[in-house]
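Please open the structure in a viewer and keep the selection tool at hand. The tour below proceeds stop by stop, from whole chains to single residues.

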Amino acid sequence: MSDPASHDETSRNHFFPRFQPGRIKEARFRDFAVRFAFGGTISVVAALLGAATTESIGGVFTAFPAILVASLTLIDKQEDQEHASYDSVGAALGAVGFIACALFISLTLQRWSTAASLGVGLSIWLAVSVVLYALYALLASRGRDEQG
Amino acid sequence: VLECRSGTVEVAYYLAKFLVGGTVVVLFAVVSETFEPKRFAGLFSAAPSVLLASLLVTVVLEGTTPASESASGAVAGAVGLVAFAVVSTWAVYRFKGLVGSLVSLLPWAVASLAAYLFLMGAR
């Protein structure tokens with residue numbers, strides 16, 4: 001890491017997303033079970049709150065950070081706090097995409113077919129999140145270059 | 001809505017919410033696990049998995065009107081999610097994972113409530 005010759009390469013590649021399907025073998029079944037339980041539970045809680053109050057209040061809880069809490073806790077146990085903090089950076093960008101996705105679906109669900117509204121909504125989440133990540137990576141790697 | 005449903009239908013409704021919610025969350029987690037670095041994989045921690053799963057079940061069993069209401073509430077919840085994630089980048093570093101997450105729930109609640117009141121007022 002401290003080798004000056006490799007500095008430029010590592011800082012550039014540090015943020016570049018890499019698809020590594022082999023990593024899935026390292027993931028533990030228990031972690032997925034925890035996420036399944038968190039995801040299922042928050043879905044039921046949101047539905048119960050929606051039924052007891054209004055659908056829109058239930059909807060607020062479909063964006064409850066239960067999965068993030070699960071991820072942060074799992075990361076913290078396995079790795080370290082710095083990694084958990086990194087995960088939060090990505091999540092903050094993904095959450096902005098979530099706003100765009102939910103807004104789009106709320107405006108189109110009654111006019112478009114369900115598959116189209118949800119499908120395009122999901123694509124909007126992905127597009128907004130990835131574009132924000134690219135901007136973040138660009139700014140962060142420039143910052144590193146200037147520091148280095 | 002609760003009174004209109006028979007007991008069996010109600011159990012099926014919540015069971016569907018649980019199973020579909022859990023499944024979609026795991027699907028996003030699987031995708032997240034296959035990406036490096038963590039900051040990029042973190043995007044998937046804020047994926048609209050529970051929202052999409054909930055809406056799917058609601059549309060199928062109750063129609064698009066309540067689902068649309070739910071999605072508009074989710075906009076407010078997502079504003080809270082941004083607040084949660086931003087604060088947790090600091091809080092997880094400052095405290096341990098679980099405590100850091102719990103500390104971050106306060107800004108989640110404040111931001112969600114403020115956004116909800118704003119959105120409902122704007123209607």
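Helices, of at least four residues, and strands, of at least two, are DSSP runs numbered from the N terminus. With that in mind, select chain B, whose elements run α-β-α-α-α-α from the N terminus on. The model on the screen is a predicted one.

**First stop: chain B as a whole**

Keep chain B selected and display its C-alpha trace, which spans about 50 × 40 × 20 Å along its principal axes. The chain holds 5 helices and 1 strand. Of its 123 residues, 54% are buried. The exposed surface of chain B comes to about 5,200 Å², and carbon and sulfur atoms supply 75% of that area. Among the contacts of chain B with a separation of 6 or more, 55% are between residues 24 or more positions apart.

**Second stop: chain A as a whole**

Now select chain A. How many helices and strands does chain A have? There are 6 helices and 1 strand, and their order from the N terminus on is α-β-α-α-α-α-α. Chain A has 148 residues, of which 43% count as buried. Its exposed area is about 7,500 Å², with 65% supplied by carbon and sulfur atoms. For contacts in chain A between residues at least 6 apart in sequence, 57% join residues at least 24 apart.

**Third stop: a helix pair across the two chains**

Select helix 2 of chain A, residues 29-52, together with helix 1 of chain B, residues 7-33. The two axes come within 7 Å and cross at roughly 140°. Helix 2 of chain A is therefore oblique to helix 1 of chain B. By class, the residues of this contact are 15 nonpolar, 7 polar and 3 charged. Turn the view until one helix lies in front of the other: helix 2 of chain A passes helix 1 of chain B in a right-handed crossing.

**Fourth stop: a helix pair within chain B**

Next, select residues 49-62 of chain B, which form helix 3, and residues 64-94 of chain B, which form helix 4. At what angle do helix 3 and helix 4 of chain B pack? The angle is about 160°, and the axes lie 8 Å apart. Because angles over 145 degrees count as roughly antiparallel, that description applies to helix 3 and helix 4 of chain B. Their crossing is right-handed.

To see the contact itself, show the side chains on both helices. Helix 3 of chain B contributes B:L51, B:L55, B:T58, B:V59 and B:E62. Helix 4 of chain B contributes B:T64, B:P66, B:A67, B:S70, B:A71 and B:A74. Sorted by class, the residues of this contact are 7 nonpolar, 3 polar and 1 charged.

**Fifth stop: the loop residue B:G63**

Between helix 3 and helix 4 of chain B there is a loop, and B:G63 is found in it. Is B:G63 buried or partly exposed? B:G63 is partly exposed, with a relative accessible area of 22%. From here, draw a distance to B:A83, which is 20 residues away along the chain: the two C-alpha atoms are separated by 31 Å.

**Sixth stop: two residues of helix 4 of chain B**

Select B:G73, a residue of helix 4 of chain B. B:G73 counts as buried because its relative accessibility is 0%. Which residues does B:G73 touch, not counting residues up to four places away in sequence? They are A:S56, A:G59 and A:V60. A distance drawn from B:G73 to B:G22, 51 residues apart along the chain, gives 21 Å between the C-alpha atoms.

Continue along helix 4 of chain B to B:V92. B:V92 also counts as buried, at 0% relative accessibility. Add B:S104 to the selection: B:V92 and B:S104 are 12 residues apart in sequence and 8.8 Å apart in space, C-alpha to C-alpha.

**Last stop: B:S45**

Finally, select B:S45, which lies in the loop between helix 2 (38-41) and helix 3 of chain B. B:S45 is buried, with a relative accessible area of 10%. Leaving aside neighbours within four places in sequence, B:S45 is in contact with A:I67, A:L68, A:S71, A:D87 and A:A91. Display these residues of chain A beside B:S45 to complete the tour.

Key:
Residues are numbered from 1 along each chain as its sequence is written. Chains are lettered from A and ligands numbered from 1 in the order in which they are written. This is a predicted model: local features need pLDDT of at least 70, side-chain atom pairs count only at pLDDT 80 or more; totals for chains, interfaces and linings use all residues. Side-chain values use heavy atoms; hydrogens and water are left out. Axes are lines fitted to C-alpha atoms, for helices over the stretch in contact, and angles run from 0 to 180 degrees between N-to-C directions. Angles under 35 degrees count as roughly parallel, over 145 as roughly antiparallel, 65 to 115 as roughly perpendicular and the rest as oblique. A crossing is left-handed if the near helix is turned anticlockwise from the far one by less than a right angle, and right-handed if clockwise. Contact means heavy atoms within 4.5 Å. Ala, Val, Leu, Ile, Met, Phe, Trp, Tyr, Cys and Pro count as nonpolar, Asp, Glu, Lys and Arg as charged, and the others, Gly among them, as polar. Buried means under 20% relative accessible area, exposed over 50%, partly exposed in between (1.4 Å probe, protein chains only). Accessible areas come from the Shrake-Rupley method with a 1.4 Å probe; for residues, only the protein chains shown count as cover.
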